[in-house]
Structures are given as C-alpha cells and as structure tokens.
Amino acid sequence: MATISTWGEPRKFDPKFRGPIHNRHCTDVLCCVIFIVVILGYIALGILAWVHGDPRKVVYPTDSYGQFCGQKDTINENKTSLFYFNILKCASPIVLINLQCPTTQLCVSKCPDRFATYIDMQGSYRHNKSYWEYYRQFCKPGFNKPWKSVAQVIRDEDCPSMIIPSRPFLKRCFPDFSTKNGILTVANQTTFKDGRGKTRNVTDLREAANGINNVLDARSVGMKIFEDYASSWHWILIGLFIAMVVSLLFLVLLRFTAGVLFWIFILGVIGIIGYGVWHCYWEYDHLQGTPGSDLTIYDIGFQTDFRVYLQLRQTWLAFMIILCIVEVFIILMLIFLRNRIRIAIALLQEGSRAIGYIMSTLFYPIITFVLIAICISYWAVTAVFLSTSGEPVYKVMANQTLCKYANLTCDPETFNTTNVTKLCVSAQCTFAFYGGEGFYHKYIFIFQLSNAFVFLWLVNFAIALGQCTLAGAFASYYWAFRKPADIPTCPLFSSFGRAIRYHTGSLAFGSLILAIVQLIRIMLEYLDHKLKGTQNSFTRFLLCCLKCCFWCLEKFIKFINRNAYIMIAIYGKNFCTSAKEAFFLLMRNVVRVAVLDKVTDFLLFLGKLLVAGGVGVLAFFFFTHRIPVFTQETPTLNYYWVPLLTVIIGSYLIAHGFFSVYAMCVDTLFLCFLEDLERHDGSAERPYYMSKSLLKILNKQNVEIKRH
C-alpha cells in the first residue's frame, strides 16, 4: 500500500481508467476566450500597421525633400541612389543608413566616378561647358547658375563643394575605398581637394565611412557563397536526406543499443578515471627523491606558471585523492542506482518501440515548424510596417553654435516665409526621419512591445500544441494493454483534435506564463545593453542577478509546462491541476526523474553528435575531392566550408527535430509508468500496463486470468 508523502497523496485506483480520457470537457475557458480576443486584436494591429505603414521607407532611401529614390511613377524613378553633399559631416555608416546625416541628401541616377570640386568646375566652365553638365546632376534640381560664387553655393547648399568617386551600397553613394600596399585609397589616390581650398588625405573620410570597406568585401564574399550554394545545393539536399535516414535508424536501433551505448560510456569513464589515478600515483612515486619535490604548495605560494606545481609530489597526491573520490562516488552511484538506470534504459527502448508503431509522430515537427514560421513572418512584417508608420519629419539644418533654431522641426512649405531664414542665413528645412505627434504615433513603442509579446505567446502556444499532441499519441500507446492490437486508430490525429477542441485554453494559459517571463528577460537584456557603459557596480550586479533568476525561472516553467501538457493529454484536466499533479508525481519519484533525465540527455546528445558528425565527415571528404568514386561529380567551390557547414548544421537540426519527438515520447511514457505504478498492483482487477521488460526489472508481474 502506498503511503502519503509530503509531495501529495499517491493516485487512487480508478477502475474506469483505460488511458487518455475521450469523454472530456473544455478547460480554462476564460483563458481560451482571452487568447482568441488577443489573436483578433493582433490581426487588428497588423491591419492598423498596414494602413499607416509604408515599407518603401525601408526599401528606398529618402532625400532631403522626403522623396523616395528610385520609386516608379515619380520624378526620381530613374534616380536610384542617394548622394550626400558633404559626407565628411557624417559620423558613421550607421548614421547614413538611418538618414540622420546633417547634410543635404539628393537622389541621383548614378554615383560620381571622379574627383571634382565646384571651384575647378567654374574654372573649366568658360572653356568647356561639359564639366558643368556632369557636375550639375549632383546639384539641387533646377539649379543652373554655374557662375554663382562658391561661398554662396556652399552657404545655400545648391551644389556640393566636392564630389568623390563612389559606388552604390544599400542604394547610397559611399566613397570607393580600396587598399593598395596597405594604404587606404580612393580611386587609387591618397589625397583629394575639399572644394574649400584645402587638400586633404582620404583617411579623413575614414570616420565618415568607417567599416564600409569590410562590408563591401563581405558583399564580394557573399556573392562567392551564393555561387557555391548554386553549384552544390543538390548535394546539400542529399546530405540532409542521409542525415534524416541516419536519425531514423538511430531511433529504431535504440531499442537494441540503448543499454550497450550507456554502459560502454560508463565503463569508459571509469577506465579513464582509473588511468588518471594510476598516472598520478606514477608521477608521485617518480618524483620521490627529486630536489624540491617535497615542498608544499603553501611553501611556494601563488605562481602564474602552472608547471611549477606539477614538480611537487603534493600536487599529484591531491590529484590522485580527488580522482579516487570521484571514482568511488561513480561506482557507488552505479551500485545503488542500478535498478533505476535499468528502468531508464528500458523506457528508452520502449520509446523507440512506441515510435516504431506510431511513425507519423516523427513528422509532426514539420507542423510545428510551419506554425512558428507563420508567427515569425507575421511578427516581422508587422514590425516593419509599425516602424515605417510615421509621417515625414523635417528639421532646421544649420550651424548649431550660430543658430538657435537648429534641429527644431519645421514645415518645408512655409519655411521660407519664417524668421528662421532671416536669423540663420544658411539654414534649411530638410527631411530628418519618419515620426509623428498623433495618438497612433505616440504609442508606436507600445504597439511594438505588444507585437513582440503576442509573438512570444503564439510561438509558445505552437510548441505547447505539439507537446500535448505527441503526449496524447504516446499515452495511447502506453495504456494499450495489448500492444499493438489495442492502440487506437490514428492516435496522432485524434490527440491533435482533442488538444485543439478541449484544451486550447490550458495550452494558452501555460504559454502565457512562459511568454511573460521571456518578455521580462528581453527587457532585462535591453536594459543591460543600455547600461553597459555605466560605472554603477551595484546596478550591474542587480541586473546580473535578475537575469540569472529569470533564466532559471524560464527553465523551471518550461519543465513544469511540458509535464503539465502530458497530464492534460492523459486526463483532460485544466492547466493548474495538471501542473500540480505532474509536479507532485515527479517529486515523489525525484531520483528516477534525475536518472532518466541524464541518461536520456546523454543518449540523445550522442545521437546528435553521431548524425551531425558522421554526415559532416562524409561531406568533408566529398567536397574536398577525397572520395575517388565521386571526384568527377564533386562541384568546384570557392569555399568548401560553405556547403560543409550547411550540411552539418542542417543535419544537427534534423536530428534535433526527430530526437525532440523521442524525448517527448520518453517523458510521456515515464509519467505514464509512474501513474501505472501508483494506480495498479498487478491483480486481475488492476493489471499493470507497462512492458514485460519493466515488470521484470521491478520484479513485478500481472496475475494471469485462468480461462475455463
């Protein structure tokens, strides 16, 4: 008879219980209603963002007049690149891309391809007007006064004082940097005229275009990577298909090899530690009589060179004692936990058998992947539309030290009639960014936060739905008394229907709790990023503690949710009741939980390593022309590591997808096994549902019913 423990009362026998309950009712209805309302609100938010947003603001650069460069059916249709009058005023490429560089920005059909200054153009204009025809395309539209003085042109910013050979990047004209013999150049020149009577070094452009060279080089590397993918994509797919086959074979063979793999590993660890003990003793004995070897660690104090300690007998004695303690601890753990380890291995083998009977479960992760991909796509599109929902904001651009109106908002249509142009002669009203002062624009940040929160909620719900569906299918297998004859038809589809029809509210409830914790973690990471430069040690310490605590809380909630979904799939109760019963059930069997968890983690890690590593080695030999049979078929690549890494990462993800189903299977069977032990006693009225191998390990058996 089971006894009552501090972790709740063990299950009472229910003669009507025969596995996952089919006669269910809806659970956590209130949360289900809230979840549906939130989804409808999320759709409304997407529509609102779509109405106010304009993705062209991301696709097309915007000039100082708020017009898009390269947009069809506009005056700038053929002017696809953005040109900066004085790029020296820009602090970095990030400033340029964010359209906040304090200089006139103009849409041009092509970037400058030569060095020139307005002064030189005026000098050549009298003899050859073609210089002006080329230079004027970088001046303001409609300006046709090449004789206007340089000082006035620069003051009014009618034309740039200089143009520099540039090339378009992200549809913006950046200096055409290159490195020659380790020296930074622009069009093979190291100096240029700034149009104001000074000759400057191209290194002066470095700050304004910091990092552009690396980005452009990365662009060239990106083109080569694209070429490699184009020539090797079919071989990559073959490698991923091999990974899928190997993953399936590994899961199927686990029923035969789980115990062997585990004990080989354990014996290997014991052997390695035993060798370590022998080696420490050999070093300890070998140093006997060596001058200085009998000194203690305390005598020599702290030394930065660790090899000094290896010359002491005391060091090797300490190592030997530590390894002996570890060896004895492992052996004692194996002796006392041998039955629990055997149970864990038997459950792993039973999981492999269950997947063999319900093969459709292996492909369910595809549904989860599609749902998460939809969530990510909707979140990304909504975020882009929200971020481009503002109206054009214009600001006064002038010398901040001489003009008090600098950086104030202005209206370009009425700007010339204001006093600003009189008080600040060179001031201009130019486009700055997209924003607004209306109700909608004031709460853009709240909308973005809501977008992120609902996204987390939906993603966690998709994962919860998958876990509950798989748990229901595998529970149907466990509670089938005669396997596979009593396994219901289409267990995966039936479980999915039950989860959607009856338990959407419970799954949404668990997902909501997890989403709240994840959002708090994101906000803490944001604060940590903003406060990274602060000198307040207490603030950094407090933030670090909070991040650590919420990380642990997230892990704990994921553990509770996973087991709660299993109980929901079996009994059909609400989330809180299921979470409580699952938690108490696991705590009553905490040692078994720990052993099963570690054994499962080890074998699945070994499987992922085997799949990714094995397929990766095969791909390495193939793409490096080291397999003579396929030498002619192997494509010529710029970087062989491109398809190699793709195959390795893809193989790992494929193995992770298959093994996640297996892990869910083992966890479900384990909870069912614990329920089976508490509910039944092996009598004719209360027979065990576990496999014969588990009955044998536990020294239990079902009473056979005699037939007359």
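This report describes the pocket, the cavities, a surface patch and some backbone details of one protein model. The model is a predicted one, and the values given below were computed from it.

**The largest pocket**

The largest pocket has a volume of about 1900 Å³, and its lining is made up of 50 residues, among which Gln467, Arg562, His656, Ser660 and Ala663 lie nearest its centre. Two or more residues of this lining come from each of helix 11 (364–387), helix 14 (444–478), helix 16 (504–530), helix 17, helix 19 (590–623) and helix 20 (641–679). Of these elements, helix 20 gives the most to the lining, with 13 residues. When the lining residues of the largest pocket are divided by kind, 30 are nonpolar, twelve are polar and eight are charged.

**The largest cavity**

The model holds three cavities of 30 Å³ or more, and the largest cavity contains about 100 Å³ of space. Its lining consists of Phe83, Tyr84, Phe85, Ile87, Met162, Ile163, Ile164, Ser166, Cys173 and Pro175, and the elements that give two or more residues to it are strand 1 (81–84), strand 4 (162–163) and strand 6 (172–175). The lining of the largest cavity divides into nine nonpolar residues, one polar residue and no charged ones.

The table sets out the pocket and the cavity together.

| Space | Volume | Nonpolar lining residues | Polar lining residues | Charged lining residues |
|---|---|---|---|---|
| Largest pocket | about 1900 Å³ | 30 | twelve | eight |
| Largest cavity | about 100 Å³ | nine | one | no charged |

**A nonpolar patch on the surface**

On the surface, Ile238, Phe241, Ile242, Val245, Leu249, Leu253, Phe256 and Leu618 make a nonpolar patch of about 720 Å². Helix 7 (residues 212–286) supplies the largest share of this patch, namely seven residues, and Leu253 is one of the residues placed in helix 7. As a general matter, an α-helix has 3.6 residues a turn, so residues three or four places apart point the same way.

**Helix 17 and the backbone**

Helix 17, which is among the elements that line the largest pocket, covers residues 537–571 and has 35 residues, so at 1.5 Å a residue it should span 51 Å, and this agrees with the 51 Å between its end C-alpha atoms. Just after helix 17 comes Gly572, whose phi is positive, at about 75°.

Most residues other than glycine have a negative phi. Asp28, although not a glycine, has a positive phi of about 50°, and this residue lies in the segment before helix 1 (29–52). Cys490 also has a positive phi, near 50°, and is likewise a residue other than glycine; Cys490 is found in the loop between helix 14 and helix 15 (491–502).

Terms used: Residues are numbered from 1 along each chain as its sequence is written. This is a predicted model: local features need pLDDT of at least 70, side-chain atom pairs count only at pLDDT 80 or more; totals for chains, interfaces and linings use all residues. Side-chain values use heavy atoms; hydrogens and water are left out. Helices (H or I, at least four residues) and strands (E, at least two) are DSSP runs, numbered from the N terminus. The expected span of a helix is 1.5 Å times one less than its number of residues. On a 1 Å grid over the protein atoms alone, a cavity is a set of points where a 1.4 Å probe fits but cannot get out, and a pocket is an open set with protein on both sides within 12 Å along at least five of seven lines; lining residues have an atom within 4 Å of a point. Grid points are joined across faces, edges and corners, and a volume is the space filled by probe spheres set on the points. Ala, Val, Leu, Ile, Met, Phe, Trp, Tyr, Cys and Pro count as nonpolar, Asp, Glu, Lys and Arg as charged, and the others, Gly among them, as polar. Patches are made of residues with over 30% relative accessible area and no salt bridge: like charges are joined within 9 Å, nonpolar side chains (Val, Leu, Ile, Met, Phe, Trp, Tyr) within 5 Å. Accessible areas come from the Shrake-Rupley method with a 1.4 Å probe; for residues, only the protein chains shown count as cover. A salt bridge is a side-chain nitrogen of Lys or Arg within 4 Å of a carboxyl oxygen of Asp or Glu.
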